[in-house]
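This report introduces the structure shown below to a reader who has not met it before. It follows the strands and helices in turn and then turns to single residues.

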Amino acid sequence: MNAYEEYMKSIVKPMREELVGNGFTELVTAEEVTEKMNGLEGSALIVINSVCGCAAGLARPAVKLALEEADHTPDHLLTVFAGQDKEATAEMRNYFSEVPPSSPSIAIWKDGALAYFIPREQIENFEMEQIKEHLTGVLHQVCAK
């Protein structure tokens, strides 16, 4: 690993931990994504994580609070890190190729298909509270049994 890769690895560690520490399974290889997604039953919240400010100040905090407040939560919490785990991110995006690549972004997966998608454009120009409310409403609709 070169000096730049080592530096970036140390920089993004707390950004990864913010989701992993809240119950997310981080998928770092394309093989992990394929294995998880092909056997996935029920619903999943999938966060395409990023180093950008809107991921740090908006997306990750909104996801955490939405999960705490939602009456209905998904069966699985998954994340890939755009720009860091490129093959894993590309493979995950293949599962919802009908939407343009965007990071950060939030996908809701249910019964083998994309049920809802919140792209960067619906994150970066909004307040964290608005994103949380948006996601909480989506979780209620999609994850109610």
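Strand β2, helix α3 (residues 53–69) and strand β3 make a right-handed β-α-β unit. A crossover is called right-handed if, with the strands pointing away from the viewer, the path from the first strand over the helix to the second runs clockwise. Helices (H or I, at least four residues) and strands (E, at least two) are DSSP runs, numbered from the N terminus. The model is a predicted one, in which local features need pLDDT of at least 70 and side-chain atom pairs count only at pLDDT 80 or more, while totals for chains, interfaces and linings use all residues. Residues are numbered from 1 along each chain as its sequence is written, and side-chain values use heavy atoms, with hydrogens and water left out.

**The sheet**

An open sheet of 5 strands has the order β1-β3-β2-β4-β5, with mixed pairing. Two strands pair if DSSP finds at least two bridges between them. The edges are taken by β1 (25–26) and β5 (113–118), each with a single partner strand, so one side of each is left without a neighbour in the sheet.

Strand β2 (residues 43–49) is mostly covered, with 7 of its 7 residues buried. Buried means under 20% relative accessible area, exposed means over 50%, and partly exposed lies in between (1.4 Å probe, protein chains only). From β2, Ser43, Leu45, Val47 and Asn49 point one way, whereas Ala44, Ile46 and Ile48 point the other way. Strand β4 is also mostly covered: 5 of its 6 residues are buried.

With β3 (residues 76–81), β2 runs parallel and is joined by 6 bridges. With β4 (residues 105–110), β2 pairs in the antiparallel sense, over 6 bridges. Strands β4 and β5 run antiparallel and are joined by 5 bridges. These two strands form a hairpin with 2 residues between them, and aspartate 111 in the turn has a positive phi of about 50 degrees.

The table gives residues that stand opposite each other in these pairings.

| Residue | Opposite residue | Strand of the opposite residue |
|---|---|---|
| alanine 44 | histidine 76 | β3 |
| leucine 45 | isoleucine 108 | β4 |
| valine 47 | isoleucine 106 | β4 |
| isoleucine 106 | isoleucine 118 | β5 |
| alanine 107 | phenylalanine 117 | β5 |
| isoleucine 108 | tyrosine 116 | β5 |

**The helices**

Two packed helices are described by the angle between their axes and the distance between the axes. The axes of helix α1 (residues 3–20) and α3 come within 9 Å and cross at roughly 25 degrees. Axes are lines fitted to C-alpha atoms, for helices over the stretch in contact, and angles run from 0 to 180 degrees between N-to-C directions. Helices α1 and α3 are therefore roughly parallel to each other; angles under 35 degrees count as roughly parallel, over 145 as roughly antiparallel, 65 to 115 as roughly perpendicular and the rest as oblique. Met15, Glu18 and Leu19 of α1 meet Ala56, Arg60, Pro61 and Val63 of α3, where contact means heavy atoms within 4.5 Å. By class, this contact of α1 with α3 has 5 nonpolar, no polar and 2 charged residues. Ala, Val, Leu, Ile, Met, Phe, Trp, Tyr, Cys and Pro count as nonpolar, Asp, Glu, Lys and Arg as charged, and the others, Gly among them, as polar.

**Two buried residues**

Asparagine 49 is found in strand β2 and is buried, with a relative accessible area of 1%. Not counting residues up to four places away in sequence, asparagine 49 touches residues including Met15, Arg16 and Leu19, as well as Arg60, Thr79 and Ser103. Its C-alpha atom is separated by 5.9 Å from that of alanine 82, and the two residues are 33 residues apart along the chain.

Threonine 136 lies in helix α5 and counts as buried at 16% relative accessibility. With residues up to four places away in sequence not counted, threonine 136 touches Ala66 and Ala70.
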